[in-house]
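Student: I have a structure open and would like to talk it through with you. Could we take the overall picture, then one strand, then the contact between chains?

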Amino acid sequence: MLEVKGLSKSFGGFLAVNKATLEVRKGEIVAVIGPNGAGKTTLFNLVTGILKPDEGQVLFKGEEITGLPAYKTCKKGITRSFQVVNIFSRLTVFENVRISVLSQQGKTYHWFKPSREFVNEETSEILKSVGLINRKYNVCGALSHGDQKVLEIAIALAGKPELLILDEPTAGMSPEETARCIDLIKQLSQSLGLTILFCEHDMELVFAIAQEIMVMVRGSTIAQGPPDEVRRNQQVQDAYLGGDEGC
Amino acid sequence: MGGKKSIIPLLLVAILLVFLPFSLPRFYTYLISLIVTMGLLSTSLNFALGYGGIYQLHHGVFYGTGAYAAAVMIAKLGYNPWFAFIIGPLVAAALSLVMGIICIRLSKLYFGMLQISLGSLVWAIVYRWYGFTGGDDGIHGISVPSMIGSTKGAYYFTMIVAGLAMFFMYRILHSPFGSTLQGIRDNAVRSQAIGVNVRRHQLTALVMAGFFAGVAGVLFVVVDNSVFPNMLFWTLSLEITIMALLGGWFTFLGPMLGAAIIVLLRTFVSTVTEYWTFALGILLMLVILFLPEGVLGKVFEIWKRRTSAEIRG
């Protein structure tokens, strides 16, 4: 479904992503792992069009989307959450998700009828599916960190993606929140049949839910395969996992 | 604002405004027209600045352009005034589109700086082009239809047109377009990632804001029967920005309140001392220190705290 070939991006001489490759098949949960500064977030920014790559190709469903601006990759069916919580902080939880639904339905240029008359059902539906419906009137700046991360996912879901990209979905979450988040990701994959690509520091989480793992070190892909295979890979062990730790 | 509760006070204010000219001296009628005109202008600025998060630092240009377009059409080209009143705001919107296309590529403050330079260019043209714009003298004694020629007539025309413009801006800001605009203000990157074409939405907002500034410009022509280059000078843009900040730039009626405070201050303090800006400076410092969200912003905050205390009860 998603194919990344030889993708590179440098920032003023620093090669953040260096000829990275990645393949994501439909319906899979794929994890990208790698030490801090390996270029995982940059890779996601390149795929979703937040940044423009210097070279390489991104193919989505066989179609070239390299360098398309973010709002266009979203319309193609790729939506994402952000590592640093990235929501509309002055608006309520409900309004946050509503904007995303409005955008998905191409209704952001309606200029006379009040917003509150639009897409209420769809918005409620999404908030129910992620378990935030009870908080819908809260201003989202006042939510707990864990709930804000879940809201991030809800906003991304509202874009009706085929491929959902999650950038460290559980970063900064408490153990209970992390468990809830894992359940949520699994459920999204199973009930909606979503293809999910995520990156994560938490090894437990990665090996618990990923069907395929890509390992990135210093901007380059060093391995991609099923968890067992990646775990056995000597190169990966040397570079990242360090013996039997983290499994 | 919003909700059924606010309709009653609005209705009372409307009735009061209808009867005011009968009990007030002419000067005050003129002053209220002026306040509402400046308030509309400041609201249109806040449309882009407070709700859109766009650094519209030289909004006065669109006000002046709307006014000059109407004035030149009437006084120099001999068009029907009603027709000129419609074209004025459209010219302002067109200028806003052109300047917007040039500036929108830059972010935040750089947008504002480039806008100030381009705006000053427009000002310089108006200031120098004696034959067409009257140069630094401006154009005076512009004849408007007799129906709205008197102070009272101009007053009612201003109230109706400004009321309509405010109504439309309110509706726009609470529509999906307005919600999206506020989303962009809070987080442009996130907006992009949910599929919003950020620049196109901002540009649309700028054109709308320019249009309503042009409407305010036309109202000034009706109220004052004159135009002058200072209407496009950057100090005026600063003044209406202060109005918005003072009144409360995350509230819809804040800029209108700010306009009332500043116009009244200028009118009455300047009869006592020519250093009226001194009083303004002190007032502004107090606001920045104690009411960073503006007067109306503070009122809402207190009101919200009260009602949530009641709920907790």
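Tutor: What follows is a short walk through a predicted model, moving from chain A as a whole to one of its strands and then to its contact with chain B.

Student: Okay, how many helices and strands are there in chain A?

Tutor: Chain A has nine helices and 10 strands, and along the principal axes its C-alpha atoms fill a box of roughly 60 × 40 × 35 Å.

Student: And what radius of gyration does chain A have, set against a compact globule?

Tutor: The value for chain A is 18 Å, which agrees with the radius near 18 Å that a compact globule of 247 residues would have.

Student: What share of the residues of chain A count as buried?

Tutor: Of its 247 residues, 44% count as buried; as for the contacts in chain A between residues at least 6 apart in sequence, 66% of them join residues at least 24 apart.

Student: Switching to β9(A), is that strand mostly covered or mostly open?

Tutor: Strand β9 of chain A, residues 212-217, is mostly covered, with six of its six residues buried. One side carries A:Glu212, A:Met214 and A:Met216, the other carries A:Ile213, A:Val215 and A:Val217, and both faces are covered.

Student: Which strands does β9(A) pair with, and in what sense?

Tutor: With strand β3 of chain A, residues 29-33, the pairing is parallel and runs over four bridges, whereas with strand β10 of chain A, residues 220-225, the pairing is antiparallel and runs over five bridges.

Student: Which residues should I click on to see those pairings?

Tutor: For the pairing with β3(A), take A:Ile33, which stands opposite A:Val215 in β9(A); for the one with β10(A), take A:Met214, whose bridge partner there is A:Gln224.

Student: What about the hairpin of β9(A) and β10(A), how many residues lie between the strands?

Tutor: Two residues lie between the strands, and in this hairpin A:Arg218 takes a positive phi near 45°.

Student: New topic: how many residues does each chain bring to the contact?

Tutor: Chain A brings 33 residues and chain B brings 21 residues. On the side of chain A that touches chain B, the elements giving two or more residues are α2 (70-76), β6 (78-80) and α3 (93-104) of chain A.

Student: Which of these gives the most?

Tutor: That is α3(A), which gives seven residues to this side. By type, the residues of the side of chain A that touches chain B divide into 15 nonpolar, 11 polar and seven charged.

Technical notes. Residues numbered from 1 in each chain as written. Chains lettered and ligands numbered in written order. Predicted model: local features only at pLDDT ≥ 70, side-chain atom pairs only at ≥ 80, totals over all residues. Buried ≥ 20, exposed ≤ 12 C-beta atoms within 10 Å, placed from the backbone. Pairing = 2+ DSSP bridges. Contact = placed C-beta atoms within 7 Å. Nonpolar A, V, L, I, M, F, W, Y, C, P; charged D, E, K, R; others polar. Rg over C-alpha atoms; globule rule 2.2 N^0.38 Å.
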